[in-house]
Amino acid sequence: MLNQTSVAEFLLLGLTDIQILQPFLFVIFLAIYFLIVAGNGAILMIVISDPKLHSPMYFFLGNLSCLDICYSTVTLPKMLENFLSTHKAISFLGCISQLHFFHFLGSTEAMLLAVMAFDRFVAICKPLHYPLIMNHQLCTQMAITIWTIGFSHALLHSIMTSRLNFCGSNHIHHFFCDVKPLLELACGNTELNQWLLNTVTGTIAMGPFFLTLISYFYIIIYLFVKTRCCSMLHKALSTCASHFMVVILLYAPVVFTYIRPASGSSMDQDWIMAIMYSVVTPVLNPLIYTLRNKDVKGALSRVIRRRL
């Protein structure tokens with residue numbers, strides 16, 4: 001149940017208050033949003049339509065593309081609207097909803113990257129058992145599990161934040177509703193909310209990150225012991241390179257934003273980091289996976305030839 005609060009709406013102050021820059025930023029972020037939807041939509045379409053891509057690796061890639069489209073849709077449309085509006089308001093319920101879906105999709109993507117790393121570990125280190133281990137049922141169960149955990153994690157934050165009392169300023173120094181900016185506006189004790197943000201969100205972020213690193217560590221050790229050949233090691237690891245680039249792009253700004261102490265927090269740094277993981281990463285993911293993946297490039301070219 002939402003807390004009875006004197007604040008009915010919040011004002012998103014956005015990236016800048018310089019009016020002359022607003023139309024320019026609108027065009028830039030509109031183009032980025034189009035690229036995110038088009039690029040990830042294309043990957044999702046070819047993964048579904050091409051039978052050659054009906055494998056665990058591309059099943060999870062399709063999930064990642066779906067997440068990126070939804071993730072950017074949580075923040076970018078409202079940002080674009082505010083660029084053209086003088087009244088940059090969002091309702092209390094709308095703010096809590098945006099916070100919920102942002103953390104839901106973000107935490108789900110973090111866990112999905114760990115699952116994708118596990119898939120590469122099994123494919124490289126257990127190639128003969130790969131079809132048996134990574135069967136359709138297990139892949140579906142893992143996908144459902146991480147989506148469910150992500151939703152539950154976000155629900156915890158949205159409920160706890162909605163129960164706070166906001167009796168002062170309603171100006172959010174950000175371009176979307178997030179937990180940290182809202183805690184700055186809350187009246188009363190927010191220690192529990194801050195603990196949840198640091199501990200639960202930190203675990204959701206760092207747990208999958210360490211699992212990803214462990215997967216790559218075992219892959220490198222296995223290949224080094226098995227092949228003792230640098231060329232074979234390089235060839236095998238090149239299949240993981242695109243995934244590792246996505247991991248770095250997502251985790252670096254997330255760790256900087258949510259794991260560092262609140263005393264070292266800066267609103268300008270926070271929204272710059274937020275743009276990195278909510279805008280830059282979704283737009284780069286399709287380029288990384290298509291430019292470095294022969295199967296995806298081949299499937300995309302086949303789709304284009306059929307259309308012509």
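**Exercise 1. Determine which residues Asn285 touches, and whether Asn285 is buried or exposed.**

Solution. In this predicted model, and leaving aside residues up to four places away in sequence, Asn285 touches Asn40, Leu64, Asp68, Glu109 and Val246. The next step is to place the residue, and Asn285 lies in helix H9, which spans residues 267-291. Its relative accessibility is 1%, and because buried means under 20% relative accessible area, Asn285 counts as buried.

**Exercise 2. Locate Glu109, list the residues that it touches, and find the nearest side chain of opposite charge.**

Solution. Begin with the helix: Glu109 is found in H3, which covers residues 92-125. Not counting residues up to four places away in sequence, Glu109 touches Leu64, Leu67, Asp68, Tyr71, Leu250, Thr281 and Asn285, and the contact with Asn285 appears again in the list for that residue. Now consider the charge. Side chains of opposite charge can pair when their charged atoms come close. For Glu109, however, the nearest side chain of opposite charge is Arg120, which is 16 Å away. Glu109 is therefore without a salt bridge, since that would need a side-chain nitrogen of Lys or Arg within 4 Å of a carboxyl oxygen. Glu109 is nevertheless buried.

**Exercise 3. State how many salt bridges the model contains, and describe the burial of the residues that form them.**

Solution. The count comes to two salt bridges. One of them joins Arg120 to Asp119, with the closest N and O atoms 2.9 Å apart. Arg120 counts as buried at 12% relative accessibility, and Asp119 is also buried, with a relative accessible area of 1%. In the other, Glu81 pairs with Lys78, the closest N and O atoms being 3.5 Å apart. Glu81 and Lys78 are three residues apart in helix H2, so about one helical turn separates them. As for their surroundings, Glu81 is partly exposed, with a relative accessible area of 45%, whereas Lys78 counts as buried at 16% relative accessibility.

**Exercise 4. Work out how helices H2 and H5 are arranged, and which residues meet between them.**

Solution. First take the axes: those of H2 (residues 56-83) and H5 (residues 136-162) come within 11 Å and cross at roughly 25°. Because angles under 35 degrees count as roughly parallel, H2 is roughly parallel to H5. As to handedness, H2 passes H5 in a right-handed crossing. Finally, the residues that meet are Pro56, Phe59, Phe60, Asn63 and Leu67 on the H2 side, and Cys139, Thr140, Met142, Ala143 and Trp147 on the H5 side.

**Exercise 5. Describe the setting of Tyr222, including its distance in space from Phe121.**

Solution. Tyr222 lies in helix H7, which runs over residues 191-227, and counts as partly exposed at 25% relative accessibility. Although Tyr222 and Phe121 are 101 residues apart in sequence, their C-alpha atoms are 9.6 Å apart in space. With residues up to four places away in sequence left out, Tyr222 touches Ile124 and Cys125.

**Exercise 6. Summarise the chain as a whole: its secondary structure, its burial and the sequence separation of its contacts.**

Solution. The secondary structure comes to ten helices and three strands, which follow the pattern β-α-α-β-α-α-α-β-α-α-α-α-α along the sequence. Of the 308 residues, 49% count as buried. Among the contacts with a separation of 6 or more, 81% are between residues 24 or more positions apart.

Definitions and conventions
Residues are numbered from 1 along each chain as its sequence is written. This is a predicted model: local features need pLDDT of at least 70, side-chain atom pairs count only at pLDDT 80 or more; totals for chains, interfaces and linings use all residues. Side-chain values use heavy atoms; hydrogens and water are left out. Helices (H or I, at least four residues) and strands (E, at least two) are DSSP runs, numbered from the N terminus. Buried means under 20% relative accessible area, exposed over 50%, partly exposed in between (1.4 Å probe, protein chains only). Lys and Arg count as positive and Asp and Glu as negative; His and the chain ends are not counted. Contact means heavy atoms within 4.5 Å. Axes are lines fitted to C-alpha atoms, for helices over the stretch in contact, and angles run from 0 to 180 degrees between N-to-C directions. Angles under 35 degrees count as roughly parallel, over 145 as roughly antiparallel, 65 to 115 as roughly perpendicular and the rest as oblique. A crossing is left-handed if the near helix is turned anticlockwise from the far one by less than a right angle, and right-handed if clockwise.
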